[in-house]
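I opened this structure to see how one strand is placed among its neighbours and what surrounds the ligand. My notes follow in the order in which I looked things up.

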Amino acid sequence: MTSQVSIETHQAWVEFPIFDAKSRSLKKAFLGKAGGAIGRNQSDVVVVEALRDINLALKEGDRVGLVGHNGAGKSTLLRLLSGIYEPSRGSARIRGRVAPVFDLGVGMDPEISGYENIIIRGLFLGQTRKQMLSKIEEIADFTELGEYLSMPLRTYSTGMRVRLAMGVVTSIDPEILLLDEGIGAVDAEFMKKARLRLQELVARSGILVFASHSNEFLAQLCDSALWIDHGQIRLRGGIEEVVRAYEGPEAGNHVATVLRELGAERPAHGEKSDERELERNPT
Ligand SMILES: Nc1ncnc2c1ncn2[C@@H]1O[C@H](COP(=O)(O)OP(=O)(O)O)[C@@H](O)[C@H]1O
Ligand SMILES: [Mg+2]
C-alpha cells in the first residue's frame, strides 16, 4: 500500500520577502545567533533567507530529528517538506500522504463536541471519515474525557484539549509524519501514557521528521538527525553525533544513555529490515 513514499529537495531555498524593511540599515547582512540570514532577492527586495540550499533525499523508514537554535529554520523546513511552502528557488518533490502536526490545536472547533472534533481533526490530518469512525471509541478511551466528549470543546481546559488532540494525532496512519516541537509540551503524567502510543505511531509511519528541543524525545523517536543552522544543514548524522556537535559532550552522552536503555526494547538501525523485505517481496 505505502509504495514509494519519499521526499526529495534539490538546492531548495525558502525566502520571505519583507517589503517594509528599513533597507538602508540592512546593507550588511548580520548574522546573530538566532534567526535566518537577511539578504536580497533578484528584485532587490529584502528577504529573510529562512532556508538555503537544502538537499535532502528521504525514503520509507527514515526517522529524522531536527535540532538548531530558535529561528534556525526547523519549522520552515517542516513546512517545505509538507508542501505548504513552495521553494523560492530549487525544487521539492513530496510523494506520500502528509500528516503535518505543527500545532496541536489547529483544526479544532470550540463550538462542536469532542467527538465531532475527533473526526474533524482526523480529516485535517489526511484520514477518511470512515477511518476516524472506526477509531473513535478507542481514542475516546485514551483521552479519559468521558461525558465531556459530548460537550462543546469550549468547555474544556487547555489540558483537556491537549488530551483530545494527542488522542487523535496518535491514532492516525500517516505515510509522512511531520512533527513540530509542541508535541512534547504536555504534562509529564499524561506524556507517560502517550509515549507508547507516540512510539507506535512513529513505527507505522513511512517517514518521520521531528523538530524538538528534547534530546530524550529525539533519541526515542529518531535514528538520524539534521543540525539546522541559519537556514542551512550544518551536519547530518546519527542522533548522538549531531546532538554532541550541536550541544556538546554532556548532551551527547545523555543521548547515548537513552539509546542504550532503548537498545533492549527496539531493534537497532541495521536490523530494521522487516519492512524493507516486505517491500521488496510484497505478498
Ligand atoms: N512568515 C514569515 N515571515 C518572515 N520571516 C519568517 C516567517 N517565518 C519564519 N521566518 C523567519 O525564518 C527564520 C526561520 O524560522 P523558523 O523556521 O520558524 O525557525 P525555527 O523553527 O528553527 O525556530 C527565522 O529567521 C524567522 O524569523
Ligand atoms: Mg519552530
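**Notebook: a strand and a ligand**

I began with β8 and found both of its faces covered, since Ile207, Val209 and Ala211 on one side are buried, as are Leu208 and Phe210 on the other. I kept in mind that this is a predicted model. In a regular strand the side chains alternate between the two faces of the sheet. I then counted along β8, residues 207-211, and noted that five of its five residues are buried, so the strand is largely enclosed by the rest of the structure.

Next I asked myself which strands are joined to β8 by four bridges. One is β4, residues 63-67, which runs parallel to β8 and is joined to it by four bridges, and here I saw arginine 63 standing opposite leucine 208. Another is β7, residues 176-179, also parallel to β8 and also joined by four bridges, where I found leucine 178 with valine 209 of β8 as its bridge partner.

I then stepped back to the whole chain, for which I recorded nine helices and ten strands, with 36% of its 283 residues counted as buried. Of the contacts between residues at least 6 apart in sequence, I noted that 72% join residues at least 24 apart.

Last, I turned to ligand 1, which has 13 residues around it, and wrote down Phe16, Ala50, Lys74, Ser75 and Thr76 as those that come nearest. Two or more residues of this shell come from β3 (46-59) and likewise from α1 (74-82), and α1 gives the most, with three. Sorting the shell by class, I listed four nonpolar, eight polar and one charged residues.

Notes. Residues are numbered from 1 along each chain as its sequence is written. Chains are lettered from A and ligands numbered from 1 in the order in which they are written. This is a predicted model: local features need pLDDT of at least 70, side-chain atom pairs count only at pLDDT 80 or more; totals for chains, interfaces and linings use all residues. A residue is buried if 20 or more other C-beta atoms lie within 10 Å of its own, exposed if 12 or fewer, and partly exposed in between; C-beta atoms are placed from the backbone. Two residues are in contact if their C-beta atoms, placed from the backbone, lie within 7 Å. Two strands pair if DSSP finds at least two bridges between them. A residue is near a molecule or strand if its C-beta atom, placed from the backbone, lies within 6 Å of it. Ala, Val, Leu, Ile, Met, Phe, Trp, Tyr, Cys and Pro count as nonpolar, Asp, Glu, Lys and Arg as charged, and the others, Gly among them, as polar.
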